[in-house]
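Subject: Structure for you to look through

Dear colleague,

I am handing over the structure below, and I would be glad if you read my notes with it open in front of you. They go through the model one topic at a time.

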2 protein chains.
Amino acid sequence: MEAGHKPLVAVDVAALSVWERRLWAVVVPRRAEPFRGRWGLPGGFIRMHESLDRAAERILTTETGLGDVFLEQLYSFGAAGRDPRARVISVAYYALVDWNQLQKSKAMGQTEVMRLHVPWAGEAGGAVELRAADGARLPTAFDHAEILGMAVKRIRGKLNYAPIGFQLLQKKFTLRQLQEIHETILNRKLNKDSFRRRMLSSGLLKATGRREADVDHRPGELYGFVRRSAI
Amino acid sequence: MEAGHKPLVAVDVAALSVWERRLWAVVVPRRAEPFRGRWGLPGGFIRMHESLDRAAERILTTETGLGDVFLEQLYSFGAAGRDPRARVISVAYYALVDWNQLQKSKAMGQTEVMRLHVPWAGEAGGAVELRAADGARLPTAFDHAEILGMAVKRIRGKLNYAPIGFQLLQKKFTLRQLQEIHETILNRKLNKDSFRRRMLSSGLLKATGRREADVDHRPGELYGFVRRSAI
DNA sequence: AAAATAGTGTCTATGAGACACTATAGT
DNA sequence: ACTATAGTGTCTCATAGACACTATTTT
């Protein structure tokens with residue numbers, strides 16, 4: 001059991017949100033080398049006495065101001081040359097954040113929210129692209145485009161059996177809003193009738209009796225999620 | 001970006017097999033403290049210039065003699081006190097090994113193959129137990145019972161959409177053998193007719209035209225898997 | 001012949017998709 | 001009235017489970 005030299009252990013967090021039928025990610029412009037001028041994920045090194053989960057929470061909160069969100073371990077990245085300065089093993093996490101909460105927390109950090117473009121279908125996987133408001137592709141740092149891609153792949157798969165769509169919405173939402181979230185994540189249209197049936201029969205939604213307001217059409221009923229889970 | 005002290009990074013491999021309708025795991029008796037006399041997973045520290053995947057392959061091969069098997073990253077474990085000697089982050093992998101290959105490689109290592117008892121149903125998750133031949137429960141080292149449990153949970157989930165059952169069989173096998181593998185992993189009976197239809201319509205099996213031998217009943221047709229994947 | 005499993009055919013239950021229809025909000 | 005979406009009812013199609021039956025091997 002000899003250790004040789006020790007790599008550094010970092011935790012990077014891919015925080016995703018959905019807005020206007022698009023996927024968005026929280027990123028940080030790099031002001032120092034390496035990858036200066038490129039965009040990276042919020043990340044940091046683990047402390048000696050904190051767990052991986054705690055490190056992910058701490059890093060997300062201090063870098064973005066976000067707290068009390070869905071946060072789950074994603075994958076560990078350890079290619080030898082992924083950081084040109086030193087050997088760094090990164091344990092990646094992903095977070096799902098509702099858009100309104102994200103806007104409120106934005107004042108805190110040096111982070112920006114950029115649009116994700118997913119150049120593959122289904123769960124094929126691979127790197128994704130960051131796009132600026134004008135549609136220009138933004139350069140990414142390290143292997144963070146792969147990490148973001150794996151986060152998208154993960155939530156696409158998870159949507160088939162877990163109710164993670166709720167994590168991207170406020171506490172009360174209509175079935176149409178929830179369907180829009182699912183369609184955005186999967187990047188395909190879903191059948192309305194089937195979606196309603198599936199959601200209502202899952203037992204995870206409870207009707208509030210209230211309806212949405214300020215829409216220029218018949219308002220839908222507002223539902224709540226039975227339990228709002230965090231790590 | 002200051003690193004503080006560096007934790008050690010280890011890779012542990014949960015190598016699983018199926019035989020006689022039971023799950024088995026490759027474990028190593030610990031001859032030194034901590035956890036002397038208990039049973040642990042094959043593991044080791046990562047080298048400075050090797051990737052995580054390569055480290056998992058190396059550790060599996062040197063400790064167990066196993067090569068060319070299905071090997072995939074599972075989860076990273078980083079609780080602060082999981083190793084009483086030092087801060088160790090362990091990136092866990094799981095491997096699926098066909099029983100005959102496992103018996104052949106056994107001569108090589110100091111490893112043993114022990115039966116797994118899974119005390120939870122479905123994909124509830126949690127630690128599993130190691131059992132000796134006489135049914136006695138064996139004590140485990142570190143958090144390795146949790147790692148093994150997560151490996152079982154993972155393959156149970158994966159069985160719903162991926163053909164990993166093949167990895168636990170020799171190149172040619174009958175549908176009954178494959179169904180037995182699935183039933184052992186899931187710990188429940190499956191419908192024969194439906195299982196046949198699902199497997200045959202998946203397009204992943206090709207009939208060989210040959211039949212099994214040395215069985216005391218009508219022999220089933222032997223099938224092969226379209227591609228034998230490794231990492 | 002008996003035992004055991006292989007393999008096929010068919011019926012039913014379930015769930016998804018398609019489609020049509022009615023209901024209700026804002027403009 | 002018009003538009004847009006909410007919400008319901010029903011038909012069809014695909015798939016899983018159940019069951020019955022025939023086929024084929026060893027003992």
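D214(A) sits in the loop that runs between β11 (205-211) and β12 (221-225) of chain A, and its phi is near 60 degrees, which is a positive value in a residue other than glycine. Most residues other than glycine have a negative phi, and most peptide bonds are trans. Please keep in mind, here and below, that this is a predicted model.

The second half of that general remark matters for another loop, where the peptide bond from E33(A) to P34(A) is cis, with omega near -5 degrees. P34(A) belongs to the loop between β2 (22-29) and β3 (39-40) of chain A. In chain B, the peptide bond from E33(B) to P34(B) is likewise cis, with omega near -5 degrees, and P34(B) is found in the loop between β2 (22-29) and β3 (39-40) of that chain.

How are the two chains related? Chain B is superposed on chain A by a rotation of 180 degrees with 0.0 Å of shift along its axis, and the RMSD is 0.0 Å. The two copies are therefore related as by a two-fold rotation axis. Both copies use the same surface, since 100% of the contact residues of chain B recur in chain A.

Next come the helices. Two packed helices are described by the angle between their axes and the distance between the axes. In chain A, helix α4 (residues 175-186) packs with α5(A) at an angle of about 105 degrees, and their axes are 11 Å apart. Because angles of 65 to 115 degrees count as roughly perpendicular, α4(A) is described as roughly perpendicular to α5(A). On the side of α4(A), the contact is made by L175(A), L178(A), Q179(A) and H182(A), while α5(A) brings K192(A), F195(A), R196(A), M199(A) and L200(A). Sorted by class, the residues of this contact between α4(A) and α5(A) are five nonpolar, two polar and two charged.

In chain B, helix α4 (residues 175-186) and α5(B) pack at an angle of about 105 degrees, with axes 11 Å apart, and α4(B) and α5(B) are therefore roughly perpendicular to each other. The residues that make this contact include L175(B) and L178(B) of α4(B), together with F195(B) and M199(B) of α5(B). The contact of α4(B) with α5(B) has five nonpolar, two polar and two charged residues.

Helix α5 comes up again at the DNA, so I turn to strand C. Which residues come nearest to DNA strand C? Of the 21 residues around this strand, the nearest are D193(A), S194(A), R197(A), R218(A) and R218(B). Of the atoms of DNA strand C that come within 4 Å of the protein, sugar and phosphate account for 56%. There are also approaches to the bases: a polar side-chain atom of R197(A) lies 2.7 Å from a base nitrogen of DNA strand C, an N or O atom in the side chain of R218(A) is 2.5 Å from a base nitrogen of the strand, and a polar side-chain atom of D193(B) lies 3.1 Å from a base oxygen. The elements that give two or more residues to the surface near DNA strand C are α5 (192-201) of chain A and α5 (192-201) of chain B. That surface divides into three nonpolar, five polar and 13 charged residues.

DNA strand D is surrounded by 21 residues, the closest being R218(A), D193(B), S194(B), R197(B) and R218(B). Sugar and phosphate make up 56% of the atoms of DNA strand D that come within 4 Å of the protein. A polar side-chain atom of R196(A) lies 3.5 Å from a phosphate oxygen of DNA strand D, and a polar side-chain atom of N191(B) lies 3.5 Å from a phosphate oxygen of the strand, whereas R197(B) has a polar side-chain atom 2.7 Å from a base nitrogen. Here α5 of chain A and α5 of chain B each supply at least two residues of the surface near DNA strand D, and the residues of that surface divide into three nonpolar, five polar and 13 charged.

With best wishes

Conventions
Residues are numbered from 1 along each chain as its sequence is written. Chains are lettered from A and ligands numbered from 1 in the order in which they are written. This is a predicted model: local features need pLDDT of at least 70, side-chain atom pairs count only at pLDDT 80 or more; totals for chains, interfaces and linings use all residues. Side-chain values use heavy atoms; hydrogens and water are left out. A residue is near a molecule or strand if one of its heavy atoms lies within 4 Å of it. A polar contact is a pair of N or O atoms within 3.5 Å; within protein, one must be able to donate a hydrogen and the other to accept it, and residues adjacent in sequence count only if both atoms are side-chain atoms. Helices (H or I, at least four residues) and strands (E, at least two) are DSSP runs, numbered from the N terminus. Ala, Val, Leu, Ile, Met, Phe, Trp, Tyr, Cys and Pro count as nonpolar, Asp, Glu, Lys and Arg as charged, and the others, Gly among them, as polar. Axes are lines fitted to C-alpha atoms, for helices over the stretch in contact, and angles run from 0 to 180 degrees between N-to-C directions. Angles under 35 degrees count as roughly parallel, over 145 as roughly antiparallel, 65 to 115 as roughly perpendicular and the rest as oblique. Contact means heavy atoms within 4.5 Å. Copies are superposed by least squares on the C-alpha atoms of residues with pLDDT of at least 70 in both.
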